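Please work through the exercises below with the model open beside you, and try each task before reading its solution.

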Amino acid sequence: EGRSNAHIKGDCQRIGDVMLKNLQALKPLTTNMPKQSEILLELEKACKASHRVENLCRDFELQKVCYIPLNVFVLRPLHRLIHYKQILERLCKHYPATHVDFRDCRAALADVSEVVDQFQRSLIKMENLQKLLELKKDMLGVDNLVVPGREFIRLGCLSKLSGKGLQQRMFFLFNDVILYTSRGMTPTNQFKVHGQLPLRGMTIRESEDEWGVPNAFTLIGQGQSVVVAASSLTEMEKWMQDIKMAIEMAKTSNGPTSDVLTCTLTDNKEPSPVRDKKARNGQGPVPLSVICWYRVQSLSFSESCRSLENQLSGNLLRKFKNSNGWQKLWVVFTNFSLFFYKSHQDDYPLASLPLLGYSVTVPSENENIHKDYVFKLHFKSHVYYFRSESEYTFERWMEVIRSATVPSSQARLLNSKDPHFY
């Protein structure tokens, strides 16, 4: 780039060339990759055993530099290899076979694919473990959430029908049980467990006509039934599809070693004053469960995995609905959120925008955005415009943002290479 004449002399290093050399140096390190789940568990054990370690981890999470949950960073090296594979696949499609860098790109892709194929299945298990550990922090009143065999499937907001009418509740679906919770007034953003519905022997049916409530369905379990309503037909279909699949799985699988979660509903520890103060100041990552609660959305495990694997960063120009000028920012997309930096050299983001519940479209004629490569993000009255530098970067941003905003059934059609089961 720029004033260099290396490309004329032919002594420049090309992308495939650099990737190939580095991947060959990386191969011996891949023996450590299965240990990532051990690290997650050891970190969790150390926090349980020592208040000092727990405080260290919590204080780090409350710093601006820790913009996503700490244990997601532990899996970052594995996600990075998936990103390399995606980049090299794009380059191999882009270059003609006669291009000077094509052979190196193809060789580097073969190397990284071999490594990714080795850990792809174990990565899903690690991501499930990471999610269970994260959800354990989000909930008050459950002791043994993280047990061998338990798999997270979906979390989200549903209205539960009771004697007092419809009440907003947060539901957590696993492969053996459904937990329902309410949002307490604690400043730590946690949910208090109210009840659990084992999946073994459960049946499910649509019941909008029966109760006169739109998008309602009934869960009939052992000795109890619960009527819930989703916020939309799409949400209802997602929940019903996943619950039916989980009920079928529960019939045949051995599942977790403990069918019933032990609840300590009366023994909820009060959050520490330090965490209270910092949580009120809005520091640290906001749990996705809290965003789902406020936006009455749900989130599946496969969507969560896809979001971590579809990462993108680059310059974008941002404009608010009622402003005239465009602000140039360095933007990172990961974990269902856009993070905004002044430049790529900054240590922490200025702000973030969680995308759950948002729609991504192209502005219409009457919005008077007379610029190329602009996409629009909107949720209720919140509207943002983003301008990219080229048609290619515009397409890439649209692709990764769709992976966080399009319902899972449609996203599967958009991304037919989905390696996940749920």
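The exercises that follow concern a predicted model, and each task is paired with a worked solution.

**Exercise 1. Helix packing**

Determine at what angle helix H3 and helix H7 pack, and how far apart their axes are.

*Solution.* Begin with the two elements themselves, helix H3 covering residues 36-49 and helix H7 covering residues 102-138. Their axes are 9 Å apart and enclose an angle of about 20°. Angles under 35 degrees count as roughly parallel, and H3 and H7 are therefore roughly parallel to each other. As a last step, take the handedness, which for the crossing of H3 and H7 is left-handed.

**Exercise 2. A salt bridge between H7 and a loop**

Find which residue forms a salt bridge with Lys27, and state where the two partners lie.

*Solution.* A search of the whole structure finds 16 salt bridges. In one of them Lys27 pairs with Glu114, the closest N and O atoms being 3.4 Å apart. The pair links distant parts of the chain, since Lys27 sits in the loop between helix H2 (15-26) and H3 whereas Glu114 belongs to helix H7, 87 residues apart. For the surroundings, buried means under 20% relative accessible area and exposed over 50%; Lys27, at 29%, therefore counts as partly exposed, and Glu114, at 40%, likewise counts as partly exposed.

**Exercise 3. A salt bridge between H13 and H6**

Establish which parts of the chain the salt bridge of Glu399 with Arg90 ties together.

*Solution.* The closest N and O atoms of Glu399 and Arg90 are 3.7 Å apart. Glu399 lies in helix H13 (residues 391-405) and Arg90 in helix H6 (residues 76-94), so the bridge ties together parts that are 309 residues apart in sequence. Glu399 is partly exposed with a relative accessible area of 42%, and Arg90 is partly exposed with 26%.

**Exercise 4. A salt bridge within H7**

Decide whether Lys131 and Glu134 are buried or exposed, and describe their spacing along the helix.

*Solution.* The side chains of Lys131 and Glu134 meet in a salt bridge with an N to O distance of 3.6 Å. Both residues are in helix H7 and 3 residues apart, so about one helical turn separates Lys131 from Glu134. Lys131 is buried, and Glu134 is buried as well. Elsewhere, salt bridges that share partners join Lys27, Asp111 and Glu114 into one network.

**Exercise 5. A nonpolar patch**

Identify which residues make the nonpolar surface patch of about 240 Å².

*Solution.* The patch is made by Phe60, Val65 and Tyr348. Of these, Tyr348 is located in the loop between strand S12 (337-341) and strand S13 (351-354), and Tyr348 is partly exposed, with a relative accessible area of 40%.

How values were computed. Residues numbered from 1 in each chain as written. Predicted model: local features only at pLDDT ≥ 70, side-chain atom pairs only at ≥ 80, totals over all residues. Heavy atoms only, no water. Patch = residues over 30% accessible without salt bridge, like charges linked within 9 Å, V, L, I, M, F, W, Y side chains within 5 Å. Areas by Shrake-Rupley, 256 points an atom, 1.4 Å probe, with all protein chains shown as cover. Salt bridge = Lys/Arg side-chain N within 4 Å of Asp/Glu carboxyl O. Helix = DSSP H or I, 4+ residues; strand = E, 2+ residues; numbered from the N terminus. Buried < 20%, exposed > 50% of the residue type's maximum accessible area, 1.4 Å probe, protein only. Axes fitted to C-alpha atoms, helices over the stretch in contact; angles between N-to-C directions. Parallel < 35°, antiparallel > 145°, perpendicular 65-115°, else oblique. Left-handed = near helix turned anticlockwise from the far one by under 90°.
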